[in-house]
Amino acid sequence: MSFRNYLSWYNYSIRFKLTFLLLVSCILCTFITGYLINRNYSTAVLRDYQATSNEATSRLGYQLDFYLKQAENSTWNVIGDLKIQKWLEQTGNSNRESEAEVQNTLEMYRIFNSWDIAGLWVASLDGRIVSSVTDFEIPLVKYTNTSTQISIVRQSGFYRNDVFPLISISIPISSINNGKLRGHLVLNLQFSELQRLFTETRLGETGEFYVIDTQKDIMVFHPDQALIGRPIKNTNLSEMDLQFRGNASLQTIGHTSMLIGTKEMTSQGWTIVSAVPLSEMASGLKAAKRTTVIIMAVILLLVLLLVPALTKRFVIPIGKLMTAVNRMEHGDLTVRTEFYPGPDEIQILSMKFNRMTERLETLINEVMELSKKEMQLQIRQNEATIQALQNQINPHFLYNTLDIIKSIAYFEHNQRVVDMTHNLADFYRYTANVREKEVTFAEELKALEQYLSIIHIRFPDEFTSEVFVNKKYHHCKMVKLTLQPLVENAIKYAIEPRGGEGVIRINAYSESEKLIIEVMDNGPGIPEHLLHTLNERLASVVVDLDKYKGEESYGLVNVHSRLYLQYGDGYGLTLHAFEGRGTVITVTLPFSQ
């Protein structure tokens, strides 16, 4: 057995297949449940984290703005001090006395303010600087800003051999006389106050907050002060996707799922970033996963233990039914199976099997009877075809004789006799071939046109025939000699009594997979009592074919019986008469090509 056949579904017992399907279904349902729990829980955690993160970062942003604004507002008295104003208005080298007064003012500010001041100095526009006592170097920077400017700088300490991050606030000083820019007050603050502020606000156990300046691409605040003022790409934030704004996202940072949130500080153009491990915010997710695994293990154990025992109850009745089928296969039609009434499908199948065996012998007899009837119908169909020609003279003798007449007329230059005998000979050649039960519509029309040409010779001026048949119907199959007998019937009863004056029209159309052919004349029509009699005779053909077996003509009954025998119910002739105006014979055939 090939590997492909080995994997075939039909190579295994029902018991194995039921166990396998239940096992796979349980595992699949457990996996889907676990996936949905994880997904929905993660979505809920992300939504809750967004709300929590927005609240925390908004509070931090407000406190950070308040801290910086308070530091700036506390310098108003210094900016408006007359000694500082006077020193800034001087040009060139100022005297030591005025510098001492400025330095004393700065010292007083430093003493009476509780800020973590790391540096404080006043710089004039011409480059002169007076500073308070500071532990850090004063950068040689020329200040030109006309509004308060806050930046992050890194400066070296005098007494500590290290580089420290500082918040540098450059405040412009304008003249109290004319409002012109005279210099700048620079205030450097340490990060100890901000460190405390960000440390007191927490998300989870290890969640952290960061402040970045995306325009300058630098780190404004980081729990690790060594990274403050560094480019963002040189910090652990380089792995984060910070393109989103105002929403929370779930990202994988260093093989750890992290919840990331952002908040814009419109006042400074900074962004506060919050980051916390997903496991800390979604502690219930681990419990849900553990529960899912436990449930899966319990389900698998129950399936392996209980399903084989349960499937046995299904397999035993099927085995009994299989044994009964094997006995019936070997010809034992007396076999019966035990069953119990109820909605159980196997019991219903057993009951159906018993009914089937009871009826099988009867059905065999019925089939044999139907076969006999089918053979009889075939014989009757052949008889009907032969009957359609039985009253005609021997066609071979006739069209041979017609050929001789045609030859004599040709030599005597009588073209009408030549045409007439030629068409008559061709028509009888067509009718003589009884081996073909069906012909195409085109072949039937050709034979009909040959017959009509003879009628036109007989009534050259009075008679009119019209054939309107679309070429798309020419390939449709139909019983041979269907139209000519109908036209001959119309000639006999509608045209001849009027001396040939009249019209016969043939048209065709399709309707609901049926081909409808209409043969119409404008004769006197059929009286109502005679029309009723004809319709009864046509209807009786369906009930008893033998009743009109001896019909000796091409008549309507003969054509209708041949159509019924060939195509069955719903096909054949239908008569419609309009007394004094004409008759319409409708032929219904299958629309097949």
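Two strands pair if DSSP finds at least two bridges between them. In this predicted model, strand E8 (residues 248-253) and strand E9 (residues 256-265) meet that condition with six bridges, in the antiparallel sense. Two residues separate E8 from E9 in the resulting hairpin, and Gly 254 in the turn has a positive phi of about 60°. Across this pairing, Gln 251 stands opposite Met 258 in E9.

E9 also pairs with strand E10 (residues 270-277), again antiparallel, over eight bridges. Here the hairpin has four residues between its strands, and the turn includes Gly 269, whose positive phi is about 75°. Thr 262 stands opposite Val 273 in E10.

Aromatic contacts come next. The count of aromatic pairs is five. One of them is the stacked pair of Phe 198 and Phe 221, with 4.3 Å centre to centre and 25° between the planes. Because Phe 198 belongs to helix H6 (residues 192-200) and Phe 221 to strand E7 (residues 218-221), this pair ties together parts that are 23 residues apart in sequence. Phe 198 and Phe 221 are both buried. Tyr 567 and Tyr 571 make an edge-to-face pair, 6.1 Å centre to centre with 65° between the planes. Tyr 567 counts as buried because its relative accessibility is 18%, and the cut-off is under 20%. Ring pairs also join Phe 191 to Phe 198 and Phe 221 in a cluster.

Charged side chains meet rings as well. The charged end of Lys 514 sits over the ring of Tyr 571, 5.4 Å from its centre. The charged end of Arg 128 sits over the ring of Trp 87, at 4.4 Å from the ring centre.

As for cysteines, the whole structure contains zero disulfides. Cys 29 is partly exposed at 47% relative accessibility, whereas Cys 476 is buried at 1%.

Terms used: Residues numbered from 1 in each chain as written. Predicted model: local features only at pLDDT ≥ 70, side-chain atom pairs only at ≥ 80, totals over all residues. Heavy atoms only, no water. Disulfide = S-S within 2.5 Å. Buried < 20%, exposed > 50% of the residue type's maximum accessible area, 1.4 Å probe, protein only. Phe/Tyr/Trp six-rings, centres within 6.5 Å; stacked < 30°, edge-to-face > 60°. Lys NZ or Arg CZ within 6 Å of the ring centre and 35° of its normal.
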